[in-house]
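These are my notebook entries on a structure I have been asked to look through. I record each lookup in turn, with the result beside it.

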Amino acid sequence: MLTPQESDELFAVTRRLSSEGLTVVLISHKLREVLSFATRIAVMRRGKKVAEVTPAESTPSSLAELMVGERTPPEPPHPSQPGAVVASLTNVSSGTLKDVSFEVRAGEVVGIAGVDGNGQRELAALLTGLGDVEQGTLELLGSARVHLTPHEARRLGVAHIPEDRLHHAVVTDFTVAENMALGRQHEAPFAKGARIDFEGRLARTVSLMETHDVRPRAPQLRLGALSGGNQQKLVVGRELDANPKLLVAVQPTRGLDLAAVDAVRRRLLEFRAKGGAVVLVSLDLEEVLALSDSVVVLHEGRVTGSFTRGEFDERLIGRRMLGVRDA
Amino acid sequence: MRETLRAALPSVASIITSLLVCFIAVAVLRGGLDVAADAFLAMTWGAFGDFPKFFDGGSSATLLRPLGESATKAALLTLTGLSVAVAFRVGLFNIGAQGQLIVGALAAAVVGAGVELPAPLHVTACLLASALGGALYALGPALLKQYRGVHEVISTIMLNWVALSLVENWLVTGPLRAVTTGDNSIAGTAQIHETASLPRLVGDVSRLNAGILLAVAAAIVLWLWLTRFVGGFEWRAVGANAEAAKSSGVNVGRSVISAMLVSGALAGLAGAVLILGTEQRYPATIGAPYGFDGIAMALIGNGHPLGVLASSLLFGGLRAGGTRMQLFGVHKSFPELIQGLALLLVAARLMWLKVGDRLFKPKGGA
């Protein structure tokens with residue numbers, strides 16, 4: 001990420017290069033940059049070029065519309081019955097997050113929509129004990145701690161499907177069974193006192209692999225030898241197996257094949273149906289709208305809009321994601 | 001089981017290749033395969049017992065004396081190797097085993113000579129002092145790493161020199177130097193009391209002492225800890241993927257610091273075994289760089305406590321037996337060459353694994 005000053009400098013240099021006859025291709029999701037820099041704009045959506053326009057004939061909101069597309073939001077899975085408040089943020093600031101307030105209730109999915117790098121990562125870190133509240137209050141499952149360790153967050157009942165599976169969720173050199181113990185290594189059935197409970201761990205791993213249809217069904221295999229989809233099914237299975245109250249899922253279907261995407265989404269909705277609360281961070285707006293009961297839009301770390309199912313307006317949400325005020 | 005064998009393959013293949021290459025080198029340079037064979041046999045008998053002589057009607061000493069020498073060296077290699085290996089397991093490269101060994105050795109020498117206690121207590125006190133000294137000497141780098149981000153390779157290397165200078169250039173030649181009687185000038189600290197000596201296992205026939213038992217016990221305990229206990233599991237998780245360990249609620253800082261303390265304690269114990277088992281005082285200088293050999297043992301043993309023990313037993317033996325190769329015109333440091341070559345080859349882990357996977361393809365593998 002560049003600071004505004006750095007990106008201004010970068011653009012000054014590239015502009016000079018283009019005036020000297022060089023061709024510059026700028027790939028960006030920042031409307032301001034594209035509109036001020038480009039002479040021609042090609043809009044991509046889901047791998048296809050959907051339009052080619054000039055900055056003169058475009059406005060931020062017309063571009064946003066082209067980028068997000070005009071689709072009717074999918075039907076709600078079933079109406080949610082929100083229960084008690086599980087997490088509530090009041091004017092919370094942390095890193096790029098500024099003055100963020102919203103609530104998550106039991107039995108609902110709160111989707112976080114936004115373009116990559118607008119505070120989603122910090123938000124997920126806060127909820128899982130990996131980040132600290134700098135200002136404001138975060139009340140998580142009845143606890144209003146400023147410093148929460150990941151261990152404490154897990155004890156409170158927070159589960160985490162991190163964005164970067166290989167770096168944050170699994171140890172590829174460990175076996176599948178060892179990976180299933182991660183996060184609950186001190187608890188039954190994974191431990192007996194200070195010792196590892198090999199039998200309990202194996203039995204639980206086998207049952208998780210069956211429930212989530214993970215192949216090959218080899219609990220002693222190195223986890224790294226499994227496909228990404230199977231690894232993610234294991235992560236989702238492991239996190240839900242802990243009977244959490246709040247699940248923080250960041251990009252849970254990124255890079256998965258369609259069958260695995262469906263499997264993961266189905267698990268999230270099952271969890272919600274059983275009264276679990278989900279905070280779903282995804283860069284895929286379609287996914288956010290398909291699964292969420294309410295949507296909070298983040299732009300540059302601030303909440304620029306919040307919507308509940310029924311009032312989802314893709315175009316409006318798209319504009320909020322790009323920081324465009326009302327057109 | 002299959003994974004364990006696969007993990008051990010690079011080490012075994014490297015050692016065998018290294019022995020073969022060195023064998024051929026001796027054959028070429030010293031006039032033939034028979035000379036090389038004789039030299040290697042001499043080394044083997046010198047390492048693990050002179051069986052031909054024994055079966056010719058030799059006394060048990062023909063077996064026990066070489067074994068004693070091998071075991072003494074193997075004990076030191078095992079302890080320093082475990083020291084480096086345990087730090088590896090949490091993702092730290094402890095180059096400071098030599099410094100921690102020096103501190104541990106001094107602690108053993110001081111407690112061994114300066115305190116009077118009945119025998120079993122005295123040895124125990126010396127061992128504890130050494131372990132504590134080594135651990136404390138490793139604590140600095142661990143804290144610096146955890147709280148200031150100072151790379152442990154840099155801090156431990158520098159502390160090696162600090163230990164060497166403080167102990168050998170000042171304490172041992174200055175304040176702690178043995179009081180001389182008559183015309184004899186003794187280099188090093190005062191001799192330790194007999195009660196502090198590590199007990200010999202087979203009387204005066206051989207220098208075989210309890211150090212090797214300590215080393216074997218340390219390897220087994222460490223192995224059990226890493227494989228059977230949740231705490232050891234957490235250490236391994238930290239070493240394999242610290243970010244994932246942190247997300248999983250592991251206290252990464254605590255794991256790193258406690259593993260580094262154990263690492264230092266093991267190197268310190270190596271110092272104690274050297275003093276209480278062999279030297280009986282802190283000599284003017286500890287010539288042998290056992291702390292650095294520990295790095296080789298940890299790498300050849302693939303960071304696995306039992307692997308470290310196995311490679312230490314082998315190379316401890318070869319080193320003890322190597323002196324006998326001199327009769328065939330081979331320098332006594334030749335085993336170090338074998339060790340160095342094996343270390344070089346084991347660095348090509350991935351190559352060996354590829355070769356192994358091609359040779360023993362698992363059926364239906366991914």
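Which residues does Glu243(B) touch, not counting residues up to four places away in sequence? I note at the outset that I am working with a predicted model. I looked up the contacts of Glu243(B) and found His167(A) and His168(A).

**Entry on Glu243(B).** I placed Glu243(B) in helix α10 of chain B, which covers residues 242-247. I then checked its burial: Glu243(B) counts as partly exposed because it has 17 C-beta neighbours inside 10 Å, whereas 20 or more would be needed for a buried residue. I also took a distance to Gln339(B): the two residues are 96 apart along the chain, and their C-alpha atoms are separated by 35 Å.

**Entry on the contact between the chains.** I next looked up the contact between chains A and B as a whole. I found 22 residues of chain A in contact with 17 residues of chain B. On the side of chain A that touches chain B, the elements giving two or more residues are α5 (150-156), α6 (165-169) and β9 (195-196). I sorted that side of chain A by class and recorded twelve nonpolar, seven polar and three charged residues.

**Entry on Arg349(B).** I located Arg349(B) in helix α15 of chain B, residues 349-359. Is Arg349(B) buried or partly exposed? Arg349(B) has 16 C-beta neighbours inside 10 Å and therefore counts as partly exposed. I looked up its separation from Gly104(B) as well: 245 residues in sequence, and 33 Å in space from C-alpha to C-alpha.

**Entry on strand β5(A).** I turned to strand β5 of chain A, residues 109-113, and found it mostly covered, with five of its five residues buried. I examined the two faces separately. One side carries Val109(A), Gly111(A) and Ala113(A), the other Val110(A) and Ile112(A), and all of these are buried.

**Entry on the pairing of β5(A).** Which strands pair with β5(A) in the parallel sense? I found β11 of chain A, residues 277-281, joined to β5(A) in the parallel sense over four bridges. Within this pairing, I noted that Ile112(A) stands opposite Val281(A). I also found β12 of chain A, residues 294-299, which runs parallel to β5(A) and is joined to it by four bridges. In β12(A), I recorded Ser294(A) as the bridge partner of Val110(A). Ile112(A) and Val110(A), the two residues I followed into the neighbouring strands, are buried on one side of β5(A).

How values were computed
Residues numbered from 1 in each chain as written. Chains lettered and ligands numbered in written order. Predicted model: local features only at pLDDT ≥ 70, side-chain atom pairs only at ≥ 80, totals over all residues. Contact = placed C-beta atoms within 7 Å. Nonpolar A, V, L, I, M, F, W, Y, C, P; charged D, E, K, R; others polar. Buried ≥ 20, exposed ≤ 12 C-beta atoms within 10 Å, placed from the backbone. Pairing = 2+ DSSP bridges.
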